[in-house]
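Me: I'd love a close look at a single part of this structure, and I'm happy to read a long answer. Here it is.

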Amino acid sequence: MQRCHAMTAFELIRAFAHDTAISIVITDPMIEPPGPTILYANAAFSRLVGRELDDIVGHSPRFMQGRETRRETLDTFHRALAAGERFHGYLANYRADGTNYRAEIDCRPLRAADGRIENFVSFEREVIRRIGRPTGSAAGRYEPASVSNDALTGALHALSIFEHA
């Protein structure tokens, strides 16, 4: 009798995320410092932050924070993860060479069958400020720095990744 192995959400994301244009990071569930720890990052994330994957995996995503990263947004991010909820927002992050960029982050808990959080998955992309009249919401202030039409990007759109709740 052949036994079927069910893939975890972590394994499934790793299987499909490698070549997508959207930056994807999976961390452990420990949100208090020094955590969380990055367990997986795809090539798009490596390009976004200007670091080799070996310099990303095993470290906290906090390495991207800097002078212009807003504490208020980080606190909102932390509260959402601590409550086991999704975080969707914008942060000023920094690349390895010190240049800053605006990141749109959609972070969600990955739960085991028993409901406990096993990991967090973050979908990230660089955004730029829209030119023209200011809008009332953050979603209207930014647009993606680049657009991808790969198959996984369409699937992420279907899952409401980068959609405001």
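Is Arg125 buried, partly exposed or exposed, going by its relative accessibility?

Reply: Happy to take you through that part. Keep in mind that this is a predicted model. Arg125 is partly exposed, because its relative accessibility is 23%, and the cut-off for buried is under 20%.

The partner of Arg125 is a good place to go next. Arg125 forms a salt bridge with Glu104, and their closest N and O atoms are 2.7 Å apart. The pair joins distant parts of the chain, with Arg125 in strand β5 (residues 117–129) and Glu104 in strand β4, 21 residues apart. Glu104, at 3% relative accessibility, counts as buried. The bridge therefore has a partly exposed end at Arg125 and a buried end at Glu104.

Beside Glu104 in the sequence sits Ile105, whose contacts are worth listing. Leaving aside residues up to four places away in sequence, Ile105 touches Phe77, Phe87, His88, Gly89, Leu91, Asn93, Ser122, Phe123 and Glu124. Ile105 is also one of the residues with the most contacts inside the largest nonpolar core, together with Phe45, Phe77 and Cys107. That core has 20 residues, and the elements giving two or more residues to it are β2 (38–41), α2, α3, β3 (87–94) and β4 (100–111). In general, nonpolar side chains of soluble globular proteins tend to be buried together.

Two of the residues that Ile105 touches, Phe77 and Phe87, deserve a look of their own. The structure holds one aromatic pair. It is formed by Phe77 and Phe87, whose ring centres are 4.1 Å apart with planes at 10°, so the pair is stacked. Phe77 lies in helix α3 and Phe87 in strand β3, 10 residues apart, and the pair thus links distant parts of the chain. Both Phe77 and Phe87 are buried.

Moving on to charged residues again, Asp106 is buried, with a relative accessible area of 0%. The side chains of Asp106 and Arg108 meet in a salt bridge, at 2.9 Å from N to O. Arg86 joins Asp106 and Arg108 in a network of salt bridges.

For a contrast in exposure, try Glu72 and Arg70, whose side chains meet in a salt bridge at 3.1 Å, N to O. Glu72 counts as exposed, at 52% relative accessibility, while Arg70 is partly exposed, with a relative accessible area of 47%. Across the whole structure, a search finds nine salt bridges.

Technical notes:
Residues numbered from 1 in each chain as written. Predicted model: local features only at pLDDT ≥ 70, side-chain atom pairs only at ≥ 80, totals over all residues. Heavy atoms only, no water. Core = buried A, V, L, I, M, F, W, Y, C linked by side-chain atoms within 4.5 Å. Buried < 20%, exposed > 50% of the residue type's maximum accessible area, 1.4 Å probe, protein only. Helix = DSSP H or I, 4+ residues; strand = E, 2+ residues; numbered from the N terminus. Contact = heavy atoms within 4.5 Å. Phe/Tyr/Trp six-rings, centres within 6.5 Å; stacked < 30°, edge-to-face > 60°. Salt bridge = Lys/Arg side-chain N within 4 Å of Asp/Glu carboxyl O.
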